[in-house]
Amino acid sequence: MSIVFDQQQKLLTLATANTSYQMMIDDLGFLHHLYYGSRTGMQDMSYQYYDFDYAFSGNPVECRKERTFSLDIIPQEFTSFGVGDYRLNSVAVINSDGSRAARFQYVSHEIRKGKYAIPELPAAYENGDEAETLVVTLRDDVTGLMIRLYYGVFEKKDIITRYTEFFNDGNAPISLEKAASLCLDLPYGNWDLLHFHGKHCLERQPERQPVGHCLTTVGSDRGMSSHQHNPFIIVCDHDATEDHGDCYGMMLAYTGSFRAELEQNQINAVRVVMGISETAFSWTLQPGESFHTPEVILSHADGLTALSHNYHRFIRQNICRGKYHLAKRPVLINNWEATYFNLDEDIIYGLAQEASALGVDLFVLDDGWFGARYDDNAGLGDWFVNRKKLPNGLPHLIEKINGLGMDFGIWIEPEMVNEDSDLYRTHPDWAFASPNRTPNFGRNQLVLDMSRQDVRDYLYGCFSMLLRENNISYVKWDFNRSVCDIYSNALPPERQGEVVHRFVLGFYDLLDRLTSEFPDVLFEGCSGGGGRFDAGLLYYTPQIWCSDDTDAVERLLIQGGTSYGYPVSAMGSHVSAAPNHQTGRIVPIDTRGVVAMSGAFGYELDLKKVSDEDKREIKDQIEQYHQDEELIHQGLYYRLTDITKKLHYTAWQMVSEDRSKSLVNLVVTDPQPNPAPLHIRLKGLDPNALYEIDEDEHIISGAALMNAGYTFPPMMGDYRSLQMHLHRMKNEV
Ligand code: GLA
């Protein structure tokens with residue numbers, strides 16, 4: 001039993017292998033949050049709290065005389081609104097009489113076998129009987145607004161998922177102005193926030209700062225989870241390291257605008273609230289209607305590495321779905337950086353021929369194959385083949401590429417439209433634009449109103465036909481601008497606040513229809529690289545193009561930052577040309593391979609311009625990747641160096657779960673004169689086993705490699721790298 005109700009003390013305790021989570025229903029029906037952290041068993045954690053009269057923190061009417069109870073002080077599972085808790089709110093409402101108040105008190109709870117699902121939204125699923133669900137219902141007696149707090153407990157995986165359902169159990173409409181997924185109070189401790197900021201071409205850079213008494217917000221109002229911030233945060237002990245210390249992860253499975261807010265209160269407790277961004281959001285709940293928030297995936301672990309492992313495992317096994325989520329991924333070649341828009345059948349086929357000779361499994365035809373798409377000013381929306389570039393059509397090209405023994409994949413950008421397109425000329429009202437305003441452009445394109453069924457049906461028609469009529473085994477689904485001018489011509493003025501979220505629901509609906517109808521197709525998410533790298537999208541696409549920056553040295557930062565929350569198998573990663581197209585940097589081919597291999601691996605360069613020597617290296621890389629793929633994708637990932645510290649080298653390691661195999665990767669980014677030896681302590685090995693190391697005559701124990709470390713020879717030259725394989729030998733130390 002991972003969820004236990006103590007009838008006498010009115011305690012609800014959630015237990016996972018290494019963590020406990022506890023809440024308590026008090027005599028007035030308020031739901032207190034008592035504890036989340038390392039395991040405390042069934043201990044009643046209410047002993048940690050005292051009643052006290054805090055001035056200017058008022059009291060509910062039932063205890064106005066004693067004055068020692070205040071909603072402004074007690075840790076709570078979810079907040080009320082406008083009734084005396086002055087901290088961060090997890091909900092905001094406007095009632096039909098204009099009042100802005102809701103006071104939630106316990107009604108009932110239910111413990112169910114299995115994991116709940118969320119209507120219209122992605123949510124973690126279970127494999128076999130591995131999860132239980134707790135639903136706690138609270139209600140505001142005046143308006144009848146109910147909240148149902150859902151908890152999914154994955155005991156063995158140290159994961160607790162949460163989401164909130166708002167249900168109008170009254171008889172007048174209620175407007176939701178804020179509807180968070182999560183409220184988590186951390187009553188004691190000294191906390192840092194670790195979040196992942198960035199920009200196009202440098203996504204998910206870790207930044208760590210103390211949580212203070214001021215409000216700290218991480219989020220996006222771009223209609224996408226964004227390059228600038230990621231819907232994953234870590235709240236960790238100020239002294240926490242990779243190996244030790246309390247670390248809480250909070251990951252929102254949502255691809256739209258989001259918020260994570262943190263604040264330390266007057267008695268130093270920290271509250272975290274996470275969910276859909278409240279900017280431009282409001283949702284009218286008619287009597288009898290529900291609103292469902294996206295899901296938050298919570299985990300607590302001792303150290304950042306253990307926390308990352310919990311998420312890597314969970315995303316691979318309980319978020320990503322379909323044929324490819326655990327399967328080997330094809331090594332692909334994408335023509336984008338080889339040709340950009342200058343493509344025709346000969347150019348594409350020539351590239352495919354070169355690639356097939358080197359052992360590439362899949363050819364991906366990127367942007368430029370459709371409509372009047374000669375540059376990025378036209379064509380989006382017209383999803384039919386450009387006969388000037390591909391006169392014999394797609395089936396013919398695909399057949400030829402299949403004839404080389406390669407599968408075929410294609411690029412699409414469904415939610416976008418160019419003004420210069422037949423689609424826009426026919427349906428200008430399908431693009432977002434506020435009345436009487438000229439919309440803002442991004443990459444000279446507009447955003448389709450995905451809240452509309454007719455828009456989604458059109459797109460579904462285009463892409464289902466594309467996939468039905470062609471032997472396509474992979475789709476790259478792009479999204480190349482931030483959203484604004486959000487206004488739907490299909491909804492009345494008073495419901496325009498719903499559009500920002502309905503846009504995301506519409507996107508999921510289209511994804512769901514296409515991924516369900518074509519289960520054998522591998523979908524890769526993309527948004528100008530990694531602008532939509534989140535667990536919501538990973539539910540539909542098991543890999544996402546990690547960044548448009550393909551420079552291997554930059555990728556050390558980008559993939560390293562991404563690794564805190566997301567597994568290597570989710571990160572689309574390609575070897576590209578030297579000099580690199582984004583930075584002009586020249587990195588040796590083997591180093592480009594080492595870095596790209598720590599991802600869903602592929603190539604993106606003009607093979608006609610590659611030397612024979614480099615081609616031989618590419619062939620070897622592909623063979624090696626096939627041999628190591630299981631270890632790379634399914635192994636436990638260890639960051640051996642801290643990418644925030646700007647060391648002159650970066651190292652990381654994969655270890656198989658049974659600790660029999662390991663791969664150490666090292667890149668020197670800044671060569672040193674008279675270099676000191678590079679000395680690194682390995683991680684995750686079996687201390688009692690002996691390991692054979694390639695190209696080293698010594699057999700070394702796991703304990704020595706982890707406690708004393710391994711010394712690498714000095715490396716001179718630009719961006720040198722190495723990979724070291726370790727194999728456990730049968731004999732014990
Ligand atoms: C985005 C993607 C690139 C490429 C281009 C095509 O920027 O991230 O990989 O597909 O669009 O326009």
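Just after helix α4, Gly 405 adopts a positive phi of about 85°. This is a feature of a predicted model, and the same holds for everything described below. The helix that precedes this glycine spans residues 393–403, and its buried residues are Gly 393, Leu 394, Leu 397, Ile 398 and Ile 401. These buried residues pack against two helices, α3 (345–358) and α6 (453–469), and against two strands, β22 (362–365) and β23 (407–412).

Positive phi values also occur in residues other than glycine. One of them is Lys 10, where phi is near 55°. Lys 10 belongs to the loop that joins β1 (3–6) to β2 (11–15). With a relative accessible area of 33%, Lys 10 is partly exposed. Another such residue is Asp 485, with phi near 50°, located in the loop between β26 (474–477) and α7 (499–517). Asp 485 has a relative accessible area of 18% and counts as buried, because the limit for that class is under 20%.

A further backbone feature appears in the loop between β29 (571–576) and α10, where Pro 579 is found. The peptide bond leading from Ala 578 into Pro 579 is cis, and its omega is near 0°.

The loop that holds Pro 579 leads to α10, and the description now turns to the packing of this helix. Two packed helices are described by the angle between their axes and the distance between the axes. For α9 (residues 552–562) and α10 (residues 589–597), the angle is about 20° and the axes are 9 Å apart. Because the angle falls under 35 degrees, α9 is roughly parallel to α10. The crossing of α9 past α10 is left-handed. On the α9 side, the contact is made by Ala 552, Arg 555, Leu 556 and Gln 559, which meet Thr 591, Arg 592 and Val 595 of α10. Sorted by class, this contact comprises 3 nonpolar, 2 polar and 2 charged residues.

Helix α10 also packs with α11 (residues 612–634), at an angle of about 25° and with the axes 10 Å apart. These two helices are therefore roughly parallel to each other. Here α10 passes α11 in a right-handed crossing. From α10, the residues Ile 589, Asp 590, Arg 592, Gly 593 and Met 597 take part, and they meet Asp 614, Glu 617, Ile 618, Gln 621, Gln 624, Tyr 625 and Ile 632 in α11. The contact of α10 with α11 contains 5 nonpolar, 3 polar and 4 charged residues. Arg 592 of α10 is listed in the contact with α9 and in the contact with α11.

The cysteines remain to be considered. A search of the whole structure finds 0 disulfides, and two cysteines illustrate the reasoning. A disulfide requires two cysteine sulfur atoms within 2.5 Å. For Cys 183, the closest cysteine sulfur is that of Cys 214, at 18 Å, which is too far for a bond. Cys 183 is buried, with a relative accessible area of 1%. For Cys 247, the closest cysteine sulfur belongs to Cys 236, and the distance of 5.0 Å is again too far for a bond. Cys 247 likewise counts as buried, at 0% relative accessibility.

Definitions and conventions: Residues numbered from 1 in each chain as written. Predicted model: local features only at pLDDT ≥ 70, side-chain atom pairs only at ≥ 80, totals over all residues. Heavy atoms only, no water. Axes fitted to C-alpha atoms, helices over the stretch in contact; angles between N-to-C directions. Helix = DSSP H or I, 4+ residues; strand = E, 2+ residues; numbered from the N terminus. Parallel < 35°, antiparallel > 145°, perpendicular 65-115°, else oblique. Left-handed = near helix turned anticlockwise from the far one by under 90°. Contact = heavy atoms within 4.5 Å. Nonpolar A, V, L, I, M, F, W, Y, C, P; charged D, E, K, R; others polar. Buried < 20%, exposed > 50% of the residue type's maximum accessible area, 1.4 Å probe, protein only.
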